[in-house]
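Grab a pencil and work through the exercises below. Try each task on your own before you read its solution.

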Amino acid sequence: PWQCAMLKVKGNETVDSKDFYIKWDSDLKISEDAARITRYSQLTMEQRGLPPEDVFPTIRDWLDSSDYIVGHNLFHFDLYLIKDFYNMMGHNYRHLTRKIIDTNSLAKGIKFGTPYKSSDNLTEYQYRMSSTVKKGVKTNLTALGKEYGIDHDYDNLHNALVDLDLNLKIWNKIKWQVEI
């Protein structure tokens, strides 16, 4: 990952945020299309990029001390990056999985008519939902945001902070539809 953003939220209020650009010691080549789609900027990386060992202590502190880690598609994308980052830095990540609330998984459960039940194991339920695909069912951030009528800067998605802001708005809608 070249950008890692985090929001610290209490109740419905964002109380702090971090936005790191991570400069890996590699010859990473980003195609023009990939850069356009993901909004990767070599100039931003040169200006703001930090070595992974400089940002990891803050990322670890925030994740380890959080009550919950709420994100979109955490079980099928971000968790793999977190796992590798923790392993690379000589730490175990497994304690984080029980804290994860994946809005993509929960939205799928809602749309599939298979909502989470308090008798289910939340992690297992979310993994099951994240692996389920049904034709025509859209649970990406843009689709959910527009479905919920959320006012947002959709043109700047794929910037980690912009994505997190929309995901928080979606979470604030979804959390009333599930009993966790």
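**Exercise 1: Charges and ground rules**

Task: how many positive and negative side chains does the protein have, and how far apart do the centres of the two sets lie?

Solution. Start with the rule for counting: Lys and Arg are positive, Asp and Glu are negative, and His and the chain ends are not counted. Next, put each charge in its place, which is NZ of Lys, CZ of Arg, CG of Asp or CD of Glu. You then get 24 positive and 25 negative side chains, with the centres of the two sets 6 Å apart.

Before you go on, note that this is a predicted model, where local features need pLDDT of at least 70, side-chain atom pairs count only at pLDDT 80 or more, and totals for chains, interfaces and linings use all residues. Residues are numbered from 1 along each chain as its sequence is written, and side-chain values use heavy atoms, with hydrogens and water left out.

**Exercise 2: The overall build**

Task: list the helices and strands in chain order, then check the radius of gyration against that of a compact globule.

Solution. Helices here are DSSP runs of H or I with at least four residues, strands are runs of E with at least two, and both are numbered from the N terminus. That gives eight helices and five strands. Read from the N terminus, the order is β-β-α-α-β-α-β-α-β-α-α-α-α.

Now the size. The radius of gyration is taken over C-alpha atoms, and the globule rule is 2.2 Å times the number of residues to the power 0.38. For 180 residues a compact globule would come out near 16 Å, and the protein has 17 Å, which agrees. Its C-alpha trace spans about 45 × 35 × 30 Å along the principal axes.

**Exercise 3: The sheet**

Task: which strands form the open sheet, and which of them are at the edges?

Solution. Two strands pair if DSSP finds at least two bridges between them. Three strands make up the open sheet, in the order β1-β2-β3 and with mixed pairing. The edges are β1 (3-10) and β3 (49-50), each of which pairs on one side only.

Zoom in on β1 and β2 (residues 13-22): they run antiparallel and are joined by eight bridges. Met6 has Lys18 of β2 as its bridge partner, while Lys8 has Asp16. Two residues sit between the strands of this hairpin, where Gly11 takes a positive phi near 65 degrees.

**Exercise 4: Inside helix α4**

Task: is Phe75 buried or exposed, and what covers the buried residues of its helix?

Solution. First find the residue: Phe75 is part of α4 (residues 74-88). Then apply the cut-offs: buried means under 20% relative accessible area, exposed over 50%, and partly exposed in between (1.4 Å probe, protein chains only). Phe75 counts as buried because its relative accessibility is 0%. Other buried residues join it, and the α4 set includes Leu74, Leu79, Ile82, Phe85 and Tyr86.

For the cover, use contacts, meaning heavy atoms within 4.5 Å. The elements over the buried residues of α4 include β2, α3 (52-65), β4, β5 (100-102), α5 (103-112) and α6 (122-130). Leaving out residues up to four places away in sequence, Phe75 touches several residues, among them Tyr80, Ile100, Ser105 and Tyr127.

**Exercise 5: Two unusual phi values**

Task: where do Asn73 and His158 lie, and what is phi for each of them?

Solution. Recall the background: most residues other than glycine have a negative phi. Asn73 sits in the loop between β4 (69-71) and α4, and its phi is positive, near 70 degrees. With 26% relative accessibility, Asn73 counts as partly exposed.

His158 is in the loop between α7 (141-147) and α8 (160-174). Its phi is also positive, near 85 degrees, and at 46% relative accessibility His158 counts as partly exposed.

Finally, look at who is around His158. Thr38 is 120 residues away along the chain, yet the two C-alpha atoms are separated by 5.3 Å. Beyond its neighbours within four places in sequence, the contacts of His158 are Gln3, Ile37, Thr38, Arg39 and Asp163.
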